[in-house]
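Please work through the exercises below with the sequence and the 3D view open side by side. Each task is followed by a solution that goes step by step.

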Amino acid sequence: MRVLFTTWASGAHLVPMVPLARALLEAGHQVRVAVPSACAAAVARAGLVPVQICALPMAVVRAPDPARRPRGVWPTDWPVRPAALTPEQHGVLRACGDRQVRIAEAMAQGLVAFARCWQPEVVVHDASAYAGTVAAGALGVPAVGQLWGSAAVLRLDRQRLEGPPLPGYARLMRRYGADPSREPDLWLDPCPPSLALPSRARRLPVRFLPQGGSPMGSPGATRPLGLPNSLDEAPSPYGARRAGPYLGRRAAASNGRRGPGGPRRSGPVRVCAAWDDAGGPPDAVRVALCAAEARGVEVVRVGSAAEGRPPAGPLHRVLPGCRALLHQGGGASVLAAAMAGVPQLVVAPRLEHQLNGARLARAGAGMYLPADALDGTRRGAGAAGARLALDLFALLEQPSYVAAAHVLRREALAMPGPDKAVRAVTRLAGPAV
């Protein structure tokens, strides 16, 4: 069987697709990964065969301003209650959907041309790569959508989330002879059930594998994707600043005790700060981290949170030694922390981040705050950072967060591996495959 994978971005969009691609290869199937030219190197590093189909202009990729910093209060379950959203909020979602349609338009010609030449039996695409559904519709083969850790199946290709297709998307489908109402036949969902919102879509739970192999750096795991070699090493002492033992109120209880369902902890109390945005974390987050270090917490920095220091290592390798994660709320980070059983403090700049943070808080495995609630002034950043530090200390001191994080870990580990997804994809292609 020939299976064509496609995504428009590397990193968190590509990583969830790799375990299935490798499992299909091991089962004797043929796999190709069609991507824009900027993603080809990451695909090759994953040990897969990239097919370059286009170059995405930055003007197409850039997120609309309202999506970068959404204003106002959004319902915590807005994807399943679109009627509760204001016209302005629907405008934000429409801008996000139109952006993904523009990306699909840029990819579609090259993707459909290659698909018609290679003739795959199934197309697997990341949830925001609408060109994958276009190609599957053009060929009349099944489409499989790969989610990346979002709490919801976000249908931004639909008007008001549940209506007809966006006009630009409908035109794109018709251009290639596909039915505009066509939807993926199956969604592969790595989100633990207790975090996921209900959906009418057909979803198959699939365990998150952060390295595209064995979870959490166990033996046989492979190199994580989209990272320079310098990050693919054991945690480096240069990524953290040690300031002595943690001086919190529960310090005696937090060192050397056995957590709920977890191993005995010893040594310094360590937290991880991970940030994706190139500009690094907001000033309030920096203030909170400094406050934690002043109380003797060892802060391990990953991504742009390293602030000029060598990062400590890939997130999934750092987290097992940490007691909390402070981050933006991206799906891959949420899932990595869930697999590690680590409580999470989310400072969420974007809608999906806010959604993930709200679901974590609802499950009791963390706290969250919309980033636009932070005061951007220098004086305000100090006060906001002090409040964030109190939230971080609460994650370290209150056993309920650790207990809920361990429940989430057991749930995540119990999800099926990629072999079940291979069987599901094979069935979609038909009995002759």
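The exercises that follow deal with sheets, enclosed space and single loop residues.

The model is predicted, and local features need pLDDT of at least 70, side-chain atom pairs count only at pLDDT 80 or more, while totals for chains, interfaces and linings use all residues. Residues are numbered from 1 along each chain as its sequence is written, and side-chain values use heavy atoms, with hydrogens and water left out.

**Exercise 1. Work out in which order the strands of the seven-stranded open sheet lie, and which strands form its edges.**

Step 1. Helices (H or I, at least four residues) and strands (E, at least two) are DSSP runs numbered from the N terminus, and two strands pair if DSSP finds at least two bridges between them.

Step 2. Strands of a sheet pair through backbone hydrogen bonds, either parallel or antiparallel. Here the seven strands follow the order E3-E2-E1-E4-E5-E6-E7, and their pairing is parallel.

Step 3. The edges are E3 and strand E7 (203-205), each of which pairs on one side only. From one strand to the next the twist averages 25°, where axes are lines fitted to C-alpha atoms, for helices over the stretch in contact, and angles run from 0 to 180 degrees between N-to-C directions.

**Exercise 2. Describe how strand E2 is held between E1 and E3, and explain why E2 counts as largely enclosed.**

Step 1. Strand E1 (residues 2-6) runs parallel to E2 and is joined to it by five bridges. Within this pairing Phe 5 has Val 33 as its bridge partner, and Thr 6 stands opposite Ala 34. Between the two strands the chain passes through helix H1 (residues 18-26), and this β-α-β crossover is right-handed, a term that applies if, with the strands pointing away from the viewer, the path from the first strand over the helix to the second runs clockwise.

Step 2. Strand E3 (residues 50-54) also runs parallel to E2, with four bridges joining them. Val 35 of this pairing stands opposite Gln 52 in E3. The chain crosses from E2 to E3 through helix H2 (residues 40-45), in a β-α-β crossover that is right-handed.

Step 3. Buried means under 20% relative accessible area, exposed over 50%, and partly exposed in between (1.4 Å probe, protein chains only). Five of the seven residues of E2 (residues 30-36) are buried, so the strand is largely enclosed by the rest of the structure.

**Exercise 3. Carry out a similar analysis for strand E12 and its partners E11 and E13.**

Step 1. Strand E11 (residues 324-327) pairs with E12 in the parallel sense over three bridges, with Leu 326 opposite Leu 345. Together with helix H11 (residues 331-340), E11 and E12 make a right-handed β-α-β unit.

Step 2. E12 pairs with strand E13 (residues 366-370) in the parallel sense over five bridges, and the bridge partner of Ala 348 is Pro 370. Helix H12 (residues 351-363) completes another right-handed β-α-β unit with E12 and E13.

Step 3. In a regular strand the side chains alternate between the two faces of the sheet. Gln 344, Val 346 and Ala 348 point one way from E12, Leu 345 and Val 347 point the other way, and all are buried. Five of the five residues of E12 (residues 344-348) are buried, so the strand is largely enclosed by the rest of the structure.

**Exercise 4. Characterise the largest cavity by its volume and lining.**

Step 1. On a 1 Å grid over the protein atoms alone, a cavity is a set of points where a 1.4 Å probe fits but cannot get out, and lining residues have an atom within 4 Å of a point. Grid points are joined across faces, edges and corners, and a volume is the space filled by probe spheres set on the points.

Step 2. The count comes to three cavities of 30 Å³ or more, and about 80 Å³ of space lies in the largest cavity.

Step 3. Among the residues that line the largest cavity are Pro 16, Leu 20, Gln 146, Phe 208 and Pro 418. H1 and helix H15 (418-429) each supply at least two residues of this lining.

**Exercise 5. Locate Gly 280 and Gln 119, and decide whether each is buried, partly exposed or exposed.**

Step 1. Gly 280 lies in the loop between strand E9 (270-275) and helix H9 (283-294), and is buried, with a relative accessible area of 14%. Its C-alpha atom is separated by 4.7 Å from that of Ser 304, 24 residues apart along the chain.

Step 2. Gln 119 lies in the loop between helix H5 (87-118) and strand E4 (122-126). Gln 119 is partly exposed, with a relative accessible area of 41%, and has a positive phi of about 55° although it is not a glycine.

Conventions
1 Å grid on protein atoms, 1.4 Å probe; cavity = no way out; pocket = protein on both sides within 12 Å on 5 of 7 lines; lining within 4 Å.
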